[in-house]
Amino acid sequence: MRKVVVDEDNHGQRVDNYLMAQIRDVPRSIIYRIIRKGEVRVNKGRVKPDTRLNTGDEVRIPPVTRKEKPAQVVPGSRVQGVMQSAVVFENDQMLVVNKPSGIAVHGGSGLDFGLIEVLRAARPEARFLELVHRLDRDTSGLVMVAKKRSALRYLQDELRHKRIRKHYHALVAGDWPGSVKKVSEPLLRFELGSGERRVRVDDAGKDSLTRFRVLESFSGYTLVEASPVTGRTHQIRVHSAWAGHPIAGDDKYMDDVSLRAFRSAGGQRLMLHARALDFTLPPSGESVHLEAPYDEAFGELMAKLAARRKASE
């Protein structure tokens, strides 16, 4: 039996969610059972799962038997070093990482670990590290990570109210017309026969809006800035493809002929990069603008296209 005093960062949290963080690797069903049986007490009184905690509350947590977990793969020192060096902003509330392409934001679905697991391994002293939002595995660029629960709540609320502005750079196939400044087609998630998840434009889907701006034109490709107003899965990728200009290197939404042409021209990755973020810091409200440079593969291809354009002028 142990007793824990609720700190300010967990003020207002539900008892069940608080216990999930305090008792790791235990099924939620067991959490509900020990609450229902009265084994969990707050200030010596029985509670319900949805009881909200206050700063200074004393929570009595009973001993819980955990099932033995299989040994987990620990991220190596090299990948930990790569992720640590990719941090572009940090304070006591949060950090922002320029995520490399090819690394998922979290483990699962056959992956031993992702960005968040690597950061936790590299920072064993950190009491709290949670993703604020996500990026596709093959998309590079800026990802926000909260270091306090209060910061997580603040930033996710900012996202819900569309007060955080995200700007992506995407190299798309063909000549994107400057007159197409937005795509607002509804998006629906579905599964292929193989179980792989995809997204398509469908009237039954959720309202979605992406704003586009042409940055540079090349032979056969256009660099655009894509700013998603909503945050649907694969939103920029599907909206670009629907407009007739799929993102170069997109093996899900680019046709096979165009994909082969991109690969033969030296393309190595999905050409989508979360370039910039505009947000306000918790709790001060100070405005922050961050930009992330391209990785080597993205930058080299852009330089090659620029050189080819110059040679043809």
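**A walk through a predicted model**

Buried residues make up 42% of the 313 residues in this protein chain, and I should say at once that what we are looking at is a predicted model. The chain has 8 helices and 16 strands, and along its principal axes the C-alpha trace spans about 80 × 45 × 45 Å. If we take the contacts in the chain with a separation of 6 or more, 60% of them are accounted for by residues 24 or more positions apart.

Let me begin with the nonpolar core. In soluble globular proteins, nonpolar side chains tend to be buried together. Here the largest nonpolar core has 39 residues, and those with the most contacts inside it are Leu 119, Val 145, Leu 171, Ile 247 and Met 271. This core draws at least three residues from each of domain 2, residues 77-154, and domain 3, residues 163-311. What does Ile 247 touch, once its neighbours within four places in sequence are left aside? Its contacts include Ala 170, Leu 171 and Val 172, as well as Met 254, Leu 270, Met 271 and Leu 272, and also Ile 236, Arg 237 and Ser 240.

Ile 236, Arg 237 and Ser 240 are also among the buried residues of helix 6, together with Gln 235, Val 238 and His 239. Helix 6, which runs over residues 235-242, is mostly covered, with 6 of its 8 residues buried. Just after this helix, Gly 244 takes a positive phi of about 95°. On the other side, in the loop between strand 14 and helix 6, His 234 has a positive phi of about 55° although it is not a glycine, and His 234 is buried, with a relative accessible area of 11%.

Leu 119, which I named in the core, also takes part in a helix pair. The axes of helix 3, residues 77-85, and helix 4, residues 115-122, come within 9 Å and cross at roughly 100°, and the two helices are therefore roughly perpendicular to each other. Helix 3 contributes Val 79, Gln 80, Met 83 and Gln 84 to the contact, while helix 4 contributes Leu 115, Val 118, Leu 119, Ala 121 and Ala 122. These residues divide into 7 nonpolar, 2 polar and no charged.

Turning now to the loops, is Thr 139, in the loop between strand 7 and strand 8, buried or exposed? Thr 139 is buried, with a relative accessible area of 2%, and its contacts beyond four places in sequence include Lys 99, Pro 100, Ser 101, Tyr 168 and His 273.

His 273 is also touched by Tyr 294, as are His 169, Leu 223, Arg 275, Gly 299 and Met 302. Tyr 294 is found in the loop between strand 16 and helix 8 and is partly exposed, with a relative accessible area of 24%. Tyr 294 and Pro 100 are 194 residues apart in sequence, yet 9.3 Å apart in space, C-alpha to C-alpha.

I will finish with the backbone. Most residues other than glycine have a negative phi, and most peptide bonds are trans. In this model, the peptide bond from Pro 282 to Pro 283 is cis, with omega near -10°, and Pro 283 lies in the loop between strand 15 and strand 16. Lys 162, in the loop between helix 5 and strand 9, has a positive phi near 60°, and Lys 162 is partly exposed, with a relative accessible area of 48%.

Methods. Residues are numbered from 1 along each chain as its sequence is written. This is a predicted model: local features need pLDDT of at least 70, side-chain atom pairs count only at pLDDT 80 or more; totals for chains, interfaces and linings use all residues. Side-chain values use heavy atoms; hydrogens and water are left out. Axes are lines fitted to C-alpha atoms, for helices over the stretch in contact, and angles run from 0 to 180 degrees between N-to-C directions. Helices (H or I, at least four residues) and strands (E, at least two) are DSSP runs, numbered from the N terminus. Angles under 35 degrees count as roughly parallel, over 145 as roughly antiparallel, 65 to 115 as roughly perpendicular and the rest as oblique. Contact means heavy atoms within 4.5 Å. Ala, Val, Leu, Ile, Met, Phe, Trp, Tyr, Cys and Pro count as nonpolar, Asp, Glu, Lys and Arg as charged, and the others, Gly among them, as polar. A nonpolar core is a set of buried Ala, Val, Leu, Ile, Met, Phe, Trp, Tyr and Cys residues joined through side-chain atoms within 4.5 Å. Buried means under 20% relative accessible area, exposed over 50%, partly exposed in between (1.4 Å probe, protein chains only). Domain bounds come from an automatic or database domain assignment.
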